[in-house]
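These are my notebook entries on a structure that I am reading for the first time. I begin with the contact between the chains and then turn to one helix and to the charged pairs.

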Amino acid sequence: MKNRLRVLRAEENWTQAELGMRVGVSRQAIHAIETGKYDPGLPLGMKIARVFQRRVEEIFELGDND
Amino acid sequence: MAENSERPDSGLRRLALIVGAFVLWFATYVVATRLLHRHPESAVVRGTLAALGVFGFVPWLMAIARLIQSQDEFERRIHLVALAVAFGATALFIFAADFLQRAGFVDYVLLRTIWMAMIVLWWIAIMVVSRFYR
């Protein structure tokens, strides 16, 4: 999956740790999502969408291999 | 998913739980092993010591399970993948030991060697998988 997490986080001027705290995961989890090493589950994806006040599909989209 | 609203001392409590469970495991293991080494005649005593050795391990397993359960979904994924890697590595280790024994390179493989290897491989798998994801 591809995501715009890094861009959206930069727009809000949040650190990875800060975003992690807002959605209840570690900084490492946010880093892994941003680098595409880890695709979050539905609840976490929805929490991320909620803190950015966007729809899930505005942040995450299927990649070519998905 | 774990929330960050949990009490700040909960991490410390979990660590204390794991350390305590480990000490209990170590103590019961040493006591059971040493007393069984004396070859007591009574089957009841031997059975009790064997049970002590086995059930002393259970609290540690439960403490580890609780620790994993309390982590966020990313950490749980790391543990899941690490367990899968450790399972495969342990299977490979047992196969290798079996064939080395059949081939005459190893006389006898102790069961304790296998479970100790399993724990070591699990630990290595956690390190490797954590490194991959980070």
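Entry 1, the interface. I looked up the contact in this predicted model and found that chain A contributes 18 residues and chain B twelve. The buried area between chain B and chain A comes to about 1,200 Å², with 54% from carbon and sulfur atoms. I then searched for charged pairs across the interface and recorded zero salt bridges between chain B and chain A. Four residue pairs are in polar contact across this interface, both residues being at pLDDT 80 or more. On the side of chain B that touches chain A, the elements giving two or more residues are α4 (73–102) and α5 (111–133) of chain B. The most comes from α4(B), with four residues. I sorted that side of chain B by class and noted six charged, five nonpolar and one polar residue.

Entry 2, helix α4(B). I followed this helix along its 30 residues and noted a reach of 43 Å from first to last C-alpha, close to the expected 44 Å. At its N-terminal end, Asp72(B) acts as a cap, with a side-chain oxygen 3.0 Å from the backbone nitrogen of Phe74(B). Just after the helix, Gly104(B) has a positive phi of about 85 degrees. I listed the buried residues of α4(B), among them Phe74(B), Ile78(B), Ala82(B) and Ala86(B). Against what do the buried residues of α4(B) pack? They pack against α3 (58–70) and α5 of chain B, and against α3 (27–34) and α4 (42–51) of chain A.

Entry 3, salt bridges. Over all chains I recorded eight salt bridges. In one, Glu34(A) meets Arg6(A) at 3.8 Å, N to O. This pair joins distant parts of the chain, helix α3 and helix α1 (residues 5–12) of chain A, 28 residues apart. Glu34(A) counts as buried because its relative accessibility is 10%, whereas Arg6(A), at 44%, counts as partly exposed.

I next examined Arg54(A), which forms a salt bridge with Glu11(A) at 3.9 Å between the closest N and O atoms. Here the loop between α4 and α5 (56–59) of chain A is linked to helix α1 of chain A, across 43 residues. Both residues belong to a network of salt bridges that also includes Arg55(A), Glu57(A) and Glu58(A).

Last, I returned to α4 of chain B, where Asp98(B) and Arg102(B) form a salt bridge at 3.0 Å, N to O. The two are separated by about one helical turn because they lie four residues apart in this helix. Asp98(B) is partly exposed at 28%, and Arg102(B) is exposed at 61%.

Technical notes: Residues are numbered from 1 along each chain as its sequence is written. Chains are lettered from A and ligands numbered from 1 in the order in which they are written. This is a predicted model: local features need pLDDT of at least 70, side-chain atom pairs count only at pLDDT 80 or more; totals for chains, interfaces and linings use all residues. Side-chain values use heavy atoms; hydrogens and water are left out. Contact means heavy atoms within 4.5 Å. Buried area is the accessible area (1.4 Å probe) that two parts lose on being put together, summed over both. A salt bridge is a side-chain nitrogen of Lys or Arg within 4 Å of a carboxyl oxygen of Asp or Glu. A polar contact is a pair of N or O atoms within 3.5 Å; within protein, one must be able to donate a hydrogen and the other to accept it, and residues adjacent in sequence count only if both atoms are side-chain atoms. Ala, Val, Leu, Ile, Met, Phe, Trp, Tyr, Cys and Pro count as nonpolar, Asp, Glu, Lys and Arg as charged, and the others, Gly among them, as polar. The expected span of a helix is 1.5 Å times one less than its number of residues. Buried means under 20% relative accessible area, exposed over 50%, partly exposed in between (1.4 Å probe, protein chains only).
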